[in-house]
Amino acid sequence: MPVLLFISPLEAQGVWRQALERALPALEVRVWPDAGRRVDIDYAVVWKPPADSMRELPNLKAIFSLGAGIDYLFTGTELPKDVPLVRMIDPALTEGMTEYVLYHVLRYHRHMSEYEAQQRQGIWRELPQARPGDRNIGIMGLGVIGRDAASKLALLGFTVAGWSRSAKRLPQVRSFFGQDQLEPFLRRSEILVCLLPLTPETAGILNKSTFAALPRRAYVISAGRGGHVVETDLLAALDCGHIAGATLDVFETEPLPVEHPFWDHPKVTVTPHIASITNPDTASFQIAENIRRLQQGEALVGVVDPQRSY
Ligand code: NDP
Ligand code: OXD
């Protein structure tokens, strides 16, 4: 019987074991550190695994990440050579991200952060309201998640553009791509949403010059990875008023340290990396589908390109 090893000290292991067993009844599920004989292991399912937990798994056929982002595997984890690394693509995960993006875009578009501040001061004041078509939204990253969020914002009537490495064709979403088109994309983005993967190329991409290129009083929503944001540059851009507000779900250090200035900043909304939470049942189903593909000699969905790091 093929064996799957679940390696994630941070997750509810019992819940995951049950979900994986339900989705993969023909597999034996083991939970690290009880790996048993390492030669038995065919598949690993991981989230922030201990650095050496995948050492000496000679028969490993694939590594499945519980997250869509796999940057955590490139910072010290010993990855077996020539074993495909597969990121999580799950409609339920995408749905959660899109909800998060829509919620926070609408919150800024409808001035809710300003009305919340007014309420704290007992101020009854109407603010001028733009129509969605007059609001330019910019989505960084038009992958599985960015595409979905961009399309749904466009359905709500917003004027939406996306920025990616390669050109895209999406109804009602203007495509900007490559380094040369970053600045024109930023110049028009009144609400900027970052849904990029963290790679050597995107690390620190939300920095002083990015913020300076945005229109005055733009908003920033960061739900990709904390490593995208140069935190001191964001604080400076908020404090000088160029950026009107920021919603941050991901941070350079998680949990966000108690003394961090973001916690109390009046223009910052902090959420604890919950933009979308991987669901054990739906995610196990996606893993099971990929294992079926592998067993039947079909191409896996979501294989990471090691050259691009995403
Ligand atoms: P995808 O790999 O499907 O998409 C990545 C997108 O980013 C692609 O459009 C890609 O361009 C673009 N991109 C990558 N590098 C560059 C670059 N150097 N310049 C311009 N564009 C670039 O990823 P997903 O949409 O599935 O996920 C995106 C990220 O969201 C994850 O990596 C993860 O970090 C984050 N995430 C956060 C969660 C949370 O709860 N906060 C939950 C889930 C995901 P191209 O299309 O041309 O290749
Ligand atoms: C992910 C995440 O990458 O949860 O899926 O951040």
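**Strand pairs and helix crossings**

Trainee: Which residue in β3 stands opposite V3?

Mentor: V3 has I41 opposite it in β3. The model is predicted, so that local features need pLDDT of at least 70, side-chain atom pairs count only at pLDDT 80 or more, and totals for chains, interfaces and linings use all residues. Residues are numbered from 1 along each chain as its sequence is written, chains are lettered from A and ligands numbered from 1 in the order in which they are written, and side-chain values use heavy atoms, with hydrogens and water left out.

Trainee: What makes β1 and β3 a pair?

Mentor: Strands (DSSP runs of E, at least two residues; helices are runs of H or I, at least four) pair if DSSP finds at least two bridges between them. Strand β1 (residues 3-7) and strand β3 (residues 41-46) are joined by five bridges, so they pair, and they run parallel.

Trainee: Why are β2 and β5 placed at the edges of their sheet?

Mentor: That open sheet of five strands has the order β2-β1-β3-β4-β5, with parallel pairing. Because β2 (28-31) and β5 (85-86) each have a single partner strand, one side of each is left without a neighbour in the sheet. Helix α1 packs on this sheet and touches β1 and β2 (contact means heavy atoms within 4.5 Å), and its direction makes about 165 degrees with that of β2. Helix α8 also packs here, touching β1, β3, β4 (62-65) and β5.

Trainee: Why are α1 and α8 called oblique to each other?

Mentor: The axes of α1 (residues 13-23) and α8 (residues 280-295), lines fitted to C-alpha atoms over the stretch in contact, come within 9 Å and cross at roughly 45 degrees, on a scale from 0 to 180 degrees between N-to-C directions. Under 35 degrees would count as roughly parallel, over 145 as roughly antiparallel and 65 to 115 as roughly perpendicular, so this crossing falls among the rest and is oblique. Residues of α1 including W16 and L20 meet residues of α8 including F285 and I287.

Trainee: How do you know that β6 and β9 pair?

Mentor: Strand β6 (residues 136-140) and strand β9 (residues 191-194) share four bridges in the parallel sense, and since at least two are required, they qualify. Within that pair, I137 stands opposite I191 in β9. Helix α4 (residues 144-155) packs on the sheet, touching β6, β7 (159-164) and β8.

Trainee: In what order do the seven strands of that open sheet lie?

Mentor: The order is β8-β7-β6-β9-β10-β11-β12, with parallel pairing, and the edge strands β8 (173-177) and β12 (268-270) each pair on one side only.
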